[in-house]
Amino acid sequence: MPEPTLPPRAPGAASDGTPPGPSQTVAPPQSPPRTPEAVPEAAVGDEGAVDRVIQGHTYDGIREYDNPMPGWWVAIFWATVVFAPVYVLGIHVFDWIDDYQDDFAEAGERLEQIRMEYASTGPDFKTDAGALRAYATDAAMAEAGAIHFAAICAACHGSLGEGVIGPNLTDAHWLHGNDPEQLWAAIGEGFPTQGMPPMNLQLEPQELAEVMAYVVSIQGTDPPGAKAPEGEEMPMSL
């Protein structure tokens with residue numbers, strides 16, 4: 001008579017088939033080892049280039065490739081590696097390369113050279129805003145301007161600036177502004193449509209500035225027979 005066949009023993013059970021007790025530990029079932037997917041030695045890219053695949057580096061269908069960097073990138077990288085020690089030695093050891101202080105000093109020398117060249121070839125008389133403002137309060141300029149004013153301007157503005165055909169130049173009212181730049185431009189360019197010819201056809205820039213200084217100097221003098229104010233009241237501020 002054949003012997004009865006026993007059922008397979010449960011993991012962790014005793015040899016007689018009894019279930020494990022509370023103090024016994026049941027080992028977790030072992031998963032079968034995972035084998036890497038078989039991948040080709042190389043894969044052809046979109047443009048026909050061959051991509052080398054790193055064997056065994058494939059996970060969930062994602063493959064890792066071992067492709068070289070572009071040649072131009074590698075060339076730039078090695079150029080910087082070679083240049084770095086040359087640059088450091090050139091600045092800190094052998095003084096082959098100018099540092100910031102050298103560049104700054106060289107720029108200063110070049111600027112001074114430009115200034116000297118401009119001074120030798122540029123106009124002798126300055127007519128920028130700062131220069132005109134300084135002329136406006138220069139007594140010597142005003143004294144010289146009085147001569148030009150008497151010769152050219154007095155016929156319309158009066159010998160004392162009181163105004164005849166032209167407006168009174170001694171009060172605080174102005175038709176075309178009273179800033180030194182505005183006065184210098186008004187005297188030089190004139191207002192032909194209003195009867196005032198341009199004085200820059202008769203006077204040099206310095207002479208125009210002298211007339212401007214004279215006009216500033218007669219402000220508030222209130223000469224006899226002064227013409228009524230014209231234009232906007234604008235007290236002069238220098």
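A salt bridge here is a side-chain nitrogen of Lys or Arg within 4 Å of a carboxyl oxygen of Asp or Glu. Keep that rule at hand for the first exercise. The model is predicted, so local features need pLDDT of at least 70 and side-chain atom pairs count only at pLDDT 80 or more, while totals for chains, interfaces and linings use all residues. Residues are numbered from 1 along each chain as its sequence is written, and side-chain values use heavy atoms, with hydrogens and water left out.

**Exercise 1. Salt bridges**

Task: Find how many salt bridges the rule gives, and work out where the partners of Arg 133 and Lys 227 lie.

Solution:

Step 1. The count is 2 salt bridges.

Step 2. Arg 133 pairs with Asp 179, and their closest N and O atoms are 2.8 Å apart. Arg 133 sits in helix α3 (residues 129-136) and Asp 179 in the loop between β4 (173-174) and α5 (180-189), so this pair ties together parts 46 residues apart in sequence. Helices (H or I, at least four residues) and strands (E, at least two) are DSSP runs, numbered from the N terminus.

Step 3. Now for accessibility: buried means under 20% relative accessible area, exposed over 50%, and partly exposed in between (1.4 Å probe, protein chains only). Arg 133 is partly exposed at 33%, and Asp 179 is partly exposed at 23%.

Step 4. Lys 227 bridges to Glu 230, with the closest N and O atoms 3.3 Å apart. Here Lys 227 is partly exposed at 27%, as is Glu 230 at 29%.

**Exercise 2. Aromatic rings**

Task: State how many aromatic pairs the structure holds, then describe the geometry of Phe 77 with Trp 78 and of Phe 149 with Tyr 214.

Solution:

Step 1. Rings of Phe, Tyr and Trp (its six-membered ring) pair if their centres lie within 6.5 Å; planes under 30 degrees apart count as stacked, over 60 as edge-to-face and the rest as tilted. A search of the whole structure gives 7 aromatic pairs.

Step 2. Phe 77 and Trp 78 are edge-to-face, at 5.4 Å centre to centre and 75 degrees between the planes. Together with Trp 73, Phe 77 and Trp 78 form one aromatic cluster. Phe 77 has 39% relative accessibility, which means that Phe 77 counts as partly exposed.

Step 3. For Phe 149 and Tyr 214, the ring centres are 5.0 Å apart and the planes meet at 45 degrees, so the pair is tilted. This pair links distant parts of the chain, 65 residues apart: Phe 149 is in helix α4 (residues 139-157) and Tyr 214 in helix α6 (residues 205-217). Both Phe 149 and Tyr 214 are buried.

**Exercise 3. A nonpolar surface patch**

Task: List the residues of the nonpolar patch and give their accessible area together.

Solution:

Step 1. Patches are made of residues with over 30% relative accessible area and no salt bridge; like charges are joined within 9 Å, and nonpolar side chains (Val, Leu, Ile, Met, Phe, Trp, Tyr) within 5 Å. Areas come from the Shrake-Rupley method with a 1.4 Å probe, and for residues only the protein chains shown count as cover.

Step 2. The members are Phe 83, Val 86, Tyr 87, Val 88, Leu 89, Val 93, Phe 94 and Trp 96, with about 800 Å² of accessible area together.

Step 3. Take Val 86 as an example: Val 86 is in helix α1 (residues 71-92) and is partly exposed at 38%.

**Exercise 4. Loops and contacts**

Task: Locate Asp 95 and Asp 222, and find what Gln 206 touches.

Solution:

Step 1. Asp 95 has a positive phi of about 60 degrees although it is not a glycine. Asp 95 lies in the loop between α1 and α2 (100-121) and is exposed at 54%.

Step 2. Asp 222 also has a positive phi, near 50 degrees, in a residue other than glycine. Asp 222 belongs to the loop between α6 and β5 (232-233) and is exposed at 61%.

Step 3. Contact means heavy atoms within 4.5 Å. Gln 206, in helix α6, touches Phe 125 and Met 141, not counting residues up to four places away in sequence. The C-alpha atoms of Gln 206 and Lys 126 are separated by 8.4 Å, with these positions 80 residues apart along the chain.

**Exercise 5. Confidence**

Task: Give the mean pLDDT of the protein chain.

Solution: pLDDT is the predictor's confidence in each residue, from 0 to 100. The mean is 81, and 76% of residues reach 70 or more. Over residues 34-39, pLDDT stays under 50.
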